[in-house]
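Visitor: I would like a close look at one part of this model. Which residues have the most contacts inside the largest nonpolar core? Please set that core against the rest of the chain as you go.

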Amino acid sequence: MKAIYLFTLFFFSLFTGQEKIKYNMPDYEDVMMTSNTYNLPFNVNFTSSTYPKNLKRLEQKSNGEYLNILEYDQSGNLIYKYYRQYVSENWNGKYLTIIERNIYNDKNQPVKTLILHSNTGASSNEYHYDAVGNIILVNGTGIPITEDTENAWRYIENVLKTEDFDKDKNILKLNNKKNKSSYVFEYDFNKKLVKAFSKEQPLNHDFHVVYQFNDSNQLMSKTVLDQGEIYYDNSYCIEYKDDKKITKEYDEEKNLKQTTMEYPENKFTLIETVNTEYKFDQKRKYFGKTLVSDDSFTQDNNEKTLEKYDLDEHNIPVKMTLEKNGKIDSTVIFTNKYEFY
């Protein structure tokens with residue numbers, strides 16, 4: 001009886017030790033998803049807490065040019081994200097365009113992301129999850145631009161709706177592609193780590209990423225390893241002190257190149273960055289994912305810049321004022337159009 005009890009206790013301990021939880025993994029990093037990016041100029045997004053109830057579509061323009069379009073389904077899932085970024089007057093079309101299309105399952109988990117990028121091509125990622133919602137596999141493919149022309153797919157600036165996107169010639173080609181790469185996520189819940197790697201790499205090569213978590217399910221580090229050697233330039237570590245999240249990044253010589261501190265202040269999130277590689281300091285204030293102000297100082301040219309944003313009732317910018325060394329340099333006016341279910 002005692003032996004049976006001890007075996008049962010051991011088996012229960014083993015089972016509970018490997019009990020699955022949902023890790024707060026970073027967003028899948030190998031695809032340019034503008035909805036997850038904070039630092040693109042004039043890029044607007046909502047979070048789950050700032051999303052206006054029953055919003056169906058937002059269109060934002062400046063000087064008659066579309067900058068952002070967001071479309072949501074009736075569950076509040078972002079299904080379409082159109083973003084344009086001004087490059088220069090000499091750039092083909094002046095604007096770079098990136099369009100993101102997301103498809104969800106009945107659990108409101110994204111199961112597929114398709115991207116059209118006017119300067120690089122098209123890409124697709126299919127996401128697979130375990131029973132509790134941890135990502136375990138990404139199948140990806142793409143169509144690169146072969147033309148030796150900048151902004152060669154400029155035409156996509158006219159793809160303004162999900163219906164247009166789904167019928168796009170390059171999206172149809174992308175959906176018909178059979179050859180896909182597989183990126184695998186393996187979980188060790190006892191050691192609180194996740195190993196991620198490409199399934200297609202040669203047997204004699206070992207390139208993988210390790211994500212380490214603490215007891216509070218907070219990401220502590222991302223370590224990229226190539227043949228057992230740490231690739232420091234793409235790795236980082238995170239510390240948590242009081243209500244602050246501090247991320248440290250290094251160069252290949254293991255020198256600290258950037259420290260980013262993120263913390264709440266009233267209803268806002270402050271992100272302070274000190275970069276020793278390019279010698280700049282930056283303090284940004286966000287409401288959700290909406291940039292409210294960006295206060296930066298660059299040492300090389302001794303220039304201090306301040307971007308200040310006026311927001312509408314849904315906390316989307318209607319005006320940006322740029323100051324350089326304390327003097328107003330320029331202003332940008334935005335017009336926002338909303339459609340609700």
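Guide: First, a term. Helices here are DSSP runs of H or I with at least four residues, strands are runs of E with at least two, and both are numbered from the N terminus. By that count, this predicted model has three helices and 22 strands. Its C-alpha atoms fill a box of roughly 80 × 50 × 45 Å along the principal axes. The chain has 341 residues, and 43% of them count as buried.

Now the core. The largest nonpolar core holds 27 residues. Met25, Phe185, Tyr187, Val194 and Tyr211 have the most contacts inside it. Several strands feed this core with two or more residues each: β4 (95–104), β7 (135–144), β8 (181–188), β9 (193–198), β10 (207–213), β11 (219–226) and β13 (236–241).

Start with Met25. Met25 sits in the loop between α1 (2–17) and β1 (55–62). Its relative accessibility is 18%, so Met25 counts as buried, the cut-off being under 20%. Leaving aside residues up to four places away in sequence, Met25 touches Phe185, Tyr187, Val194, Tyr211 and Phe213. One longer distance helps place this residue. Phe287 is 262 residues from Met25 along the chain, and their C-alpha atoms are 22 Å apart.

Next, Phe185. With the same sequence neighbours left out, Phe185 touches Met25 and Tyr28. Its contacts also take in the run Ile135, Ile136, Leu137 and Val138. Val194, Lys195 and Ala196 complete the set.

A second core lies apart from this one. That core has 17 residues, including Ile79, Val159, Ile171 and Leu174.

Strand β4 deserves a stop too. Thr97 lies in β4. With a relative accessible area of 0%, Thr97 is buried. Its contacts beyond four places in sequence are Tyr82, Tyr83, Arg84, Leu116, His117, Ser118, Ile156 and Glu157.

Some of these strands also help to line a pocket. The second largest pocket has a volume of about 1,300 Å³. Its lining takes two or more residues from each of β4, β5 (110–117), β6 (121–129), β8, β10 and β11. There are 41 lining residues, and Asp27, Met33, Asn36, Pro110 and Lys289 lie nearest the centre. By type, the lining splits into 20 nonpolar, 14 polar and seven charged residues.

Two loop residues are worth a check on the backbone. Asn151 is in the loop between β7 and α2 (162–166). Asn151 is not a glycine, yet its phi is positive, about 55 degrees. At 0% relative accessible area, Asn151 is buried. Lys254 is in the loop between β14 (244–250) and β15 (256–265). Lys254 also has a positive phi, about 70 degrees, without being a glycine. Its relative accessibility is 53%, so Lys254 counts as exposed, the cut-off being over 50%.

Back to the whole chain. Take the contacts with a separation of 6 or more: residues 24 or more positions apart account for 37% of them. The chain exposes about 19,500 Å², and carbon and sulfur atoms supply 50% of that area.

Definitions and conventions: Residues numbered from 1 in each chain as written. Predicted model: local features only at pLDDT ≥ 70, side-chain atom pairs only at ≥ 80, totals over all residues. Heavy atoms only, no water. Core = buried A, V, L, I, M, F, W, Y, C linked by side-chain atoms within 4.5 Å. Buried < 20%, exposed > 50% of the residue type's maximum accessible area, 1.4 Å probe, protein only. Contact = heavy atoms within 4.5 Å. 1 Å grid on protein atoms, 1.4 Å probe; cavity = no way out; pocket = protein on both sides within 12 Å on 5 of 7 lines; lining within 4 Å. Points joined across faces, edges and corners; volume = space filled by probe spheres on them. Nonpolar A, V, L, I, M, F, W, Y, C, P; charged D, E, K, R; others polar. Areas by Shrake-Rupley, 256 points an atom, 1.4 Å probe, with all protein chains shown as cover.
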